Amino acid sequence: GQRLGPRRLSLKAVPALPNTEEFLQEALVKLKKRSRGFLAPELCFQAVRAATEKPFAEGVRRERELFGVLLSSGQARALQYAFFAERAVRRWATPAGACWSSAAPQPVRSAAVIGLGTMGRGIVTSLVKANIPVVALEQDLEYLNKGRKAVMLLLQHEAMKMEGGAQTLDFHNPARLQFTVDFDLLRDVDLVIEAVFENMALKKEIFHKLSKICKPGALLCTNTSALNIDEIASATSRPQQVIGTHFFSPAHVMRLLEIIYGRHTSPTATATAMQLAKALNKVGVVVGNCSGFVGNRMMYPYVQQAVFLLEEGSRPEAVDQVLEDFGFKIGPFRMSDLAGLDVGWRSRQDQGLTGPSLPAGTPARQRHGQRYSPLPDLLCEHGRFGQKAGNGWYRYEKAGGRTATPDPWLHDFLARYRHTHRIKTRFIDQEEILERCLFPLINEGFAILAEGIASGPEHLD
């Protein structure tokens, strides 16, 4: 016989909760850390906060206001552009006339990966996750066992994140994943990805061997970040089957896959590499062959300016902070530590920019008439290779550690370096840091487009 109270949730009073303010503040700190520079998650947070403080109708009104702000924001336009750009790059084309609509991919029923360093391990993990049977090859048993251990750890970690766990991945089954030092086991695979370190002679030796062993239709891919695809292909009897597949580190996490065609690469090879990207749940982007391709070629002037800023008085943590606050997931110095400083060092040694092949009498801070900073080379000479060594531009809790801490040793080192080279230190503000890192990156993008290395701006973005 009692009247019922309001049945609609929206008509009920918002219950007062203990520690609401404390809880919301904690959530905001977490959110800002996870989605730095992004408007939407913060405004979403404000809408939730309004729901806890105001009556329903007012809360909804506030949410609508916030949505209006987002709808007309530059970020909404940029995210819509990025959404469509990711889809536009599927429609690839090359200057020679090959394109997505006329080239059919070959099926990839099995694959092999050569080299189980950081990149190789991530690539094996990606293939296993895509249900493609893999043969993983190393040069000797010691490296093979070390690589196997690391791959198994990665796969266990990935399996824990998946519904159904390890059963879904089935990576203990040799029919799905096989480790070997024997090249003969690569005879029947449909596709090989070479992931050894950046050394032209070594890569050519491997490709020469592959063209003798692999079946005629097998696709030969190189995970190079900068080396000439045509030169690698010249070591084989089938240059039309050679293509660059540049994964980004860590390979099982990063979604971008840069696909580089050479002078002789067939349209079928390009289509197959794009099909592989899709199978691995990555965004494949087809680009032309030049030093550094698109990703690293644009990255080079960006990182170079970041290092010049250190010479002039800034610190790694200050530069990273500005770029991360702007919206980059990771600043240039934390990124270099993650990728490993020795990779670039080895490449600069091969180019004769540093190390024993540098001609005597070369000015320390100049190469080929251009400004150059030897700072990254000097760090490598001190054994500071980044996360893997426990120190680089930052200090880490241990070798392989993840938590970057500003390093007093490095600050002293920079001060001594400036003193040696008589560089007058000055204060560098946030705007200068941002402009000096971003403008060269943008300019390089325009140069890449002008040269036809990428077929459209979406490919760069």
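In this predicted model, Asp 377 is about as hidden as a side chain gets to be called buried, since its relative accessible area is just 1% against a cut-off of under 20%. The partner of Asp 377 is Arg 348, and the two side chains meet in a salt bridge with N and O 2.7 Å apart. The pairing ties together distant parts of the chain, with Arg 348 sitting in helix 14 (residues 341-350) and Asp 377 in helix 15 (residues 375-381), 29 residues apart. Arg 348 is buried too, at a relative accessible area of 16%.

Turning to another pair, Glu 324 and Arg 334 form a salt bridge whose closest N and O atoms are 3.0 Å apart. Here again distant parts of the chain are linked: Glu 324 belongs to helix 12 (residues 316-326) and Arg 334 to helix 13 (residues 332-339), with their positions 10 residues apart in the numbering. The acid is the buried partner, as Glu 324 has a relative accessible area of 5%, while Arg 334 comes out as partly exposed at 27%.

A third pair stays inside one helix. Lys 161 and Glu 158 join their side chains in a salt bridge, 3.2 Å from N to O. Both belong to helix 6 (residues 141-161), and because they are 3 residues apart there, about one helical turn separates them. Their surroundings contrast: Lys 161 is exposed, with 57% relative accessible area, but Glu 158 is buried at 4%. As a general point, side chains of opposite charge can pair when their charged atoms come close.

These pairs are part of a bigger tally, as the structure holds 26 salt bridges. Some charged residues go beyond simple pairs: Glu 311, Glu 312, Arg 365, Arg 371, Arg 426, Glu 432 and Arg 436 are linked by salt bridges into a network.

On to the open spaces. The second largest pocket encloses about 450 Å³. Its lining is made up of 18 residues, and Arg 90, Met 274, Gln 275, Ala 277 and Lys 278 are the ones closest to the pocket centre. Helix 4 (74-88), helix 10 (267-279) and strand 8 (283-287) each put at least two residues into this lining, with helix 10 giving the most, 5 residues. By character, the lining of the second largest pocket splits into 9 nonpolar, 6 charged and 3 polar residues.

Helix 10 and strand 8 also bracket a backbone oddity. Asn 281 lies in the loop between the two and has a positive phi, near 60 degrees, despite being a residue other than glycine. The Asn 281 side is open to solvent in the accessibility count, being exposed at 60%. Asn 19 is a further non-glycine residue with a positive phi, about 60 degrees. Asn 19 is found in the segment before helix 1 (20-34) and is likewise exposed, with a relative accessible area of 51%.

Another backbone feature is a cis peptide bond, running from Ser 249 to Pro 250 with omega near -10 degrees. Pro 250 has its place in the loop between strand 6 (242-247) and strand 7 (256-261).

Finally, the surface carries a nonpolar patch formed by Phe 439, Ile 442 and Phe 446, which together offer about 320 Å² of accessible area. Phe 446 is found in helix 17 (residues 430-450) and is exposed, with a relative accessible area of 56%.

Terms used. Residues numbered from 1 in each chain as written. Predicted model: local features only at pLDDT ≥ 70, side-chain atom pairs only at ≥ 80, totals over all residues. Heavy atoms only, no water. 1 Å grid on protein atoms, 1.4 Å probe; cavity = no way out; pocket = protein on both sides within 12 Å on 5 of 7 lines; lining within 4 Å. Points joined across faces, edges and corners; volume = space filled by probe spheres on them. Helix = DSSP H or I, 4+ residues; strand = E, 2+ residues; numbered from the N terminus. Nonpolar A, V, L, I, M, F, W, Y, C, P; charged D, E, K, R; others polar. Salt bridge = Lys/Arg side-chain N within 4 Å of Asp/Glu carboxyl O. Buried < 20%, exposed > 50% of the residue type's maximum accessible area, 1.4 Å probe, protein only. Patch = residues over 30% accessible without salt bridge, like charges linked within 9 Å, V, L, I, M, F, W, Y side chains within 5 Å. Areas by Shrake-Rupley, 256 points an atom, 1.4 Å probe, with all protein chains shown as cover.
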